[in-house]
Amino acid sequence: MLRKFTRVYSSVHSTSLSSSALKDTLRELIPLQRSRLKDLKTNHSNVKIDNITVGSIIGGMRGNQSMLWDGTTLSPNEGIKFKGMTIKQCQDSLPGIDGIFLPESMIWLLLTGKIPTMQETKSITNLFNEILKSQNNCLPIEVDSIMNNLPKDLHPMTQLSIGLECLSNNSSFANLYKDGKIGKNDYWDSTFDDSMVLIANLPLLIGKIYSNLINNGKSLGSINNSMDWSYNICSMLGMTSTKDSINKNNLNDKQLIDFNNLMRLYLGIHVDHEGGNVSAHTTHLVGSTLADPFLSYASGINGLAGPLHGLAAQEVVRFLINLEKNVNDVNDNKLIESQIWEILNSNKVIPGYGHAVLRKPDPRFNVMLEFVENRQQEFQDDPHVQLMQKLSTLVPSILLKHGKCNNPYPNVDAASGILFYHYGIQELLFFTVIFGCSRSIGPLVQLIWDRIYGLPIERPKSLDLKTLEKLTTSRTS
Ligand SMILES: CC(=O)SCCNC(=O)CCNC(=O)[C@H](O)C(C)(C)COP(=O)(O)OP(=O)(O)OC[C@H]1O[C@@H](n2cnc3c(N)ncnc32)[C@H](O)[C@@H]1OP(=O)(O)O
Ligand SMILES: O=C([O-])CC(=O)C(=O)O
């Protein structure tokens, strides 16, 4: 039997949360943004934006412009823009380390629309560390106990989902709501607090899941309260120096720095991909019922765990490893092409290729490639990384010849997992958990804004097949 949960929602949490620079900045923005929404609702609700077709209803609502999402927009040709800024512009303007912006700076940007200073960015790092310190740098005891008792072969994404759901027992939003202490105008405040607590806890949760996977649940590292969020994720994976972790792969100093920077880069660019992708949309949908942020994001994680979405990161690595076993020479294009055709002819997808919206190579993929190109010495003897690079030149023309997909180019998942694999994170099922850490940021930021705006429960109208047929005959005859 599981022990009863105890509350860990300490006063230290609430003190540092309510006085945070981020929350103060957000608070100032609320009146103007609410009045902009009110103006749209009162004066422009009947303006027509889009036509919904039968094709979109039976085709996964592709292209329907039907969600409010403020943080990011996705252009088919240019890729993701964070508050209007491309990844390159973010790299040039957001504060970071070694030229790589910190995911914390992205939180500030997405939530407030403003480029933070280094000090503002650090205030978020400090906020996370205050939250962790108030928990003695440990998961709440009940969450830890449940995570310790999970079957060790339970898929890491299932573990992540369970861990997030367990954290919900400490939800400030849910507790205040249950006690009748908050009204609609205040929902955002405790949603903000929960979201920060959730993101702060991810290094602990991801560390627990990874240690369940490879170390019988025994910790691989510890939190360093003077370091940033990404560093602490690396540390909990046993991938920092022996000062903070076991340095499980005996990486040298340069490799440790590179791995940490890979993590910062990866976590920074996966945060959000506008609102329609499954993990974001699901978080928004479930959140619209006023489920707390932990339950809402756990739902998003369940969506990310599908192989057509985030789990493609795992499938790509499996694909590359199997391919490498069959291909002795990365320059043997004929053999590689025939292997790709074999997959296509058996009616399966090539993981890491194609996209529902993008019509050019994913700029996030290009950023991952650049990371490799800037470290040629490190990667020159890695056959998997070479194969990943080779595939990006061969697969698009094959997919074009295959003639089915609307976008034959690599997406972000085509490269990321194999770079983690290179540095020694080699458990295939784990890659999407790292994705899940990053993706918390965009959907939770939007959830806070959903509650500031007071958006209603999401509830589209469905139609049955008969009605669709009837509508098509009446409209075409
Ligand atoms: C973080 C992310 O989520 S990025 C995406 C990660 N997912 C993958 O990499 C999995 C492989 N890719 C795919 O399955 C798809 O390209 C998706 C799911 C990403 C997008 O799906 P859609 O928008 O439906 O793609 P599209 O309109 O191009 O599909 C048309 C046809 O091409 C096929 N197709 C699309 N991509 C591929 C691919 N990589 N390999 C083979 N066939 C493909 C589709 O299965 C579909 O076939 P069907 O007509 O028999 O049903
Ligand atoms: O936009 C999508 O549909 C999938 C994707 O690339 C992401 O969520 O990062």
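The shell around ligand 2 splits evenly by class, with three nonpolar residues, three polar ones and no charged ones. The residues surrounding ligand 2 are His273, Asn277, Ala356, Val357, Asn411 and Val412. Keep in mind that this is a predicted model. Below is a quick tour of the ligand sites, the helices, the hairpin and a few individual residues.

**Ligand 1**

- Ligand 1 has 20 residues around it, and among the closest are Ala312, Gly354 and Cys405.
- Ala356 and Asn406 are also in that closest group, and Ala356 turns up in the shell of ligand 2 as well.
- By class, the shell of ligand 1 comes out as 10 nonpolar, eight polar and two charged residues.

**Helix H11 and what follows**

- H11 is largely enclosed by the rest of the structure, because eight of its eight residues are buried.
- Those buried residues are Trp229, Ser230, Tyr231, Asn232, Ile233, Cys234, Ser235 and Met236.
- They pack against several helices, namely H5 (103–112), H6, H10 (187–214), H12 and H21 (431–439).
- Just after H11 comes Gly238, with a positive phi of about 75 degrees.
- The loop between H11 (229–236) and H12 holds Asn250.
- Asn250 is not a glycine, yet its phi is positive, near 50 degrees.
- Asn250 counts as exposed, because it has 10 C-beta neighbours inside 10 Å.

**H12 against H17**

- H12 (residues 253–269) packs on H17 (residues 363–373) at an angle of about 175 degrees, and the two axes lie 11 Å apart.
- That angle is why H12 is described as roughly antiparallel to H17.
- On the H12 side, the contact uses Leu262, Leu265 and Ile269; on the H17 side, it uses Arg364, Val367 and Phe371.
- Sorted by class, this contact has five nonpolar residues, no polar ones and one charged one.

**The S1–S2 hairpin**

- Strands S1 (residues 72–75) and S2 (residues 79–82) pair in the antiparallel sense, over four bridges.
- Three residues make up the hairpin that joins S1 to S2.
- Across the pair, Thr72 stands opposite Phe82 of S2.

**Pro408, a buried loop residue**

- Pro408 sits in the loop between H19 (383–402) and H20 (416–423).
- Pro408 is buried, because 21 other C-beta atoms lie within 10 Å.
- Leaving aside neighbours within four places in sequence, Pro408 is in contact with Tyr353, Pro396, Leu399 and Leu400.
- Val395 is 13 residues from Pro408 along the chain, and their C-alpha atoms are separated by 7.3 Å.

**Asn136, an exposed loop residue**

- Asn136 belongs to the loop between H6 (118–134) and H7 (141–148).
- Here too the residue is not a glycine, but phi is positive, at about 55 degrees.
- With 11 C-beta neighbours inside 10 Å, Asn136 counts as exposed.

**Leu176 in H9**

- Leu176 is part of helix H9 (residues 172–178).
- Leu176 has 16 C-beta neighbours inside 10 Å, so it counts as partly exposed.
- Setting aside neighbours within four places in sequence, Leu176 is in contact with Lys181, Ile182 and Ser190.
- Of those contacts, Ser190 is 14 residues from Leu176 in sequence, with 8.1 Å between the C-alpha atoms of the two.

**Ile58 in H3**

- Ile58 is found in helix H3 (residues 54–58).
- Ile58 counts as exposed, because it has 11 C-beta neighbours inside 10 Å.
- Ile58 and Leu468 are 410 residues apart along the chain, and their C-alpha atoms are separated by 9.8 Å.

Notes. Residues numbered from 1 in each chain as written. Chains lettered and ligands numbered in written order. Predicted model: local features only at pLDDT ≥ 70, side-chain atom pairs only at ≥ 80, totals over all residues. Pairing = 2+ DSSP bridges. Helix = DSSP H or I, 4+ residues; strand = E, 2+ residues; numbered from the N terminus. Near = placed C-beta within 6 Å. Nonpolar A, V, L, I, M, F, W, Y, C, P; charged D, E, K, R; others polar. Axes fitted to C-alpha atoms, helices over the stretch in contact; angles between N-to-C directions. Parallel < 35°, antiparallel > 145°, perpendicular 65-115°, else oblique. Contact = placed C-beta atoms within 7 Å. Buried ≥ 20, exposed ≤ 12 C-beta atoms within 10 Å, placed from the backbone.
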